[in-house]
Amino acid sequence: MKIYENYIDQLRANSKIKTESRFSANQLLEMHFEAFKRDKPIIVELGVNRGQSTRVFLNAIDNKTNARLISIDINDCKDAVKSTNWEFVQQDSIDIESLLLKKPIIKDGIDILYVDSLHTQSHVLKEVYGFFQYVKPEGVIYFDDIDSGPYMSGQRKDSVSNEIANRDIFDLLEAIFRANYSSLDFSINRGSTGLAKFVKRSKLGDKLNSPLFTKKRNFKLFWRLLEILKIKKTHHHNNSTNESFSINPKND
Ligand SMILES: C[S@@+](CC[C@H](N)C(=O)[O-])C[C@H]1O[C@@H](n2cnc3c(N)ncnc32)[C@H](O)[C@@H]1O
């Protein structure tokens, strides 16, 4: 039996129930599957605390020779879990230079990066921009705490600070994606804290373009007026041609 299989079994059971706890189970199971399907992954985790995600990754790589989980936390979390596949580093997650001196294997490439430390937009920005060049092609970056929905007014986990912090992080990820379409795929799990997933579609060493923040438009009538006056161009789907289909259905 694998090292934390009982915990994974619990998550599998929770993922089938109707209450919201299935969403957090699904987030962790998604990461378990991603780590499990890789042969000898190098995983870097930012934020350990009591080691929930740490257990998930360690279970997925249990008995995989040369697979590694390197976990970083600003606090001492060295007793959070036990495994020969685990290395813990106590430091600030944005001090990547010092991390590379301690763990040079990271320069060979990261298969999975999990971002779950300080949940502010500026900190997450430094983490993702600092680590991206060390992520392998087809490598994955997960971000926790990106769904503001459950924290909104009157909702299940009503909390104004979490609502705003999660929205800020999600806005950042959208801005990064917008500026990096050619090198990123982006998907999300919603309902709990929220888990975002970037898949890297560029080479080891490639960096990200700066995030591109755009203004969200309200007042549709105003913007329509600009369009009618030809001050602003709008894209329209043309149903009489196939341009809206990325793959022409006629070729089936
Ligand atoms: C949400 S908890 C991590 C939870 C963990 N991933 C889990 O699933 O159980 C966030 C952790 O980030 C750590 N942290 C906060 N600021 C940090 C920083 N600047 N660098 C590294 N770790 C930090 C905290 O000490 C805390 O343990």
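In this predicted model, the ligand is surrounded by 16 residues, and the closest of them are Gly47, Asn49, Gln52, Ser53 and Leu118. Two named elements can be picked out in this shell: helix α3 (52–61) and strand β2 (68–73) each contribute at least two residues to it. By character, the shell around the ligand consists of 8 polar, 4 charged and 4 nonpolar residues.

Attention now turns to the nonpolar interior. The largest nonpolar core has 48 residues, and those that touch the most other members are Phe57, Leu113, Val115, Ile141 and Phe143. Leucine 113 offers a handy place to start exploring this core. With residues up to four places away in sequence left out, its contacts are Val44, Phe131, Val135 and Ile141. Ile141 thus appears both as a contact of leucine 113 and among the core residues that touch the most other members.

A pair of strands comes next. Strand β6 (residues 184–189) and strand β7 run antiparallel and are joined by 6 bridges. Within this pair, serine 187 sits opposite lysine 197 of β7. The two strands form a hairpin with 5 residues between them, and in this hairpin glycine 191 adopts a positive phi near 110°.

Positive phi values also turn up at residues other than glycine. Phenylalanine 219, for instance, has a phi near 50°. This residue belongs to the loop that links β7 (195–200) to α7 (220–228). Is phenylalanine 219 buried or exposed? It counts as exposed, because its C-beta neighbours inside 10 Å number 8, and a residue with 12 or fewer is placed in that class. Lysine 230 is another such case: it is not a glycine, yet its phi is positive, at about 65°. Lysine 230 lies in the segment after α7. This lysine is exposed too, because 7 other C-beta atoms are found within 10 Å.

Finally, the chain can be viewed as a whole. The domain assignment divides out domain 1 (5–200) and domain 2 (220–251). How far apart do the C-alpha centres of domain 1 and domain 2 lie? The separation between these two centres is 37 Å. For a reader following along in the structure, β7 (195–200) and α7 (220–228) are the elements on either side of the loop that holds phenylalanine 219.

Conventions:
Residues numbered from 1 in each chain as written. Predicted model: local features only at pLDDT ≥ 70, side-chain atom pairs only at ≥ 80, totals over all residues. Helix = DSSP H or I, 4+ residues; strand = E, 2+ residues; numbered from the N terminus. Buried ≥ 20, exposed ≤ 12 C-beta atoms within 10 Å, placed from the backbone. Core = buried A, V, L, I, M, F, W, Y, C linked by C-beta atoms within 7 Å. Contact = placed C-beta atoms within 7 Å. Pairing = 2+ DSSP bridges. Near = placed C-beta within 6 Å. Nonpolar A, V, L, I, M, F, W, Y, C, P; charged D, E, K, R; others polar. Domains from an automatic or database assignment.
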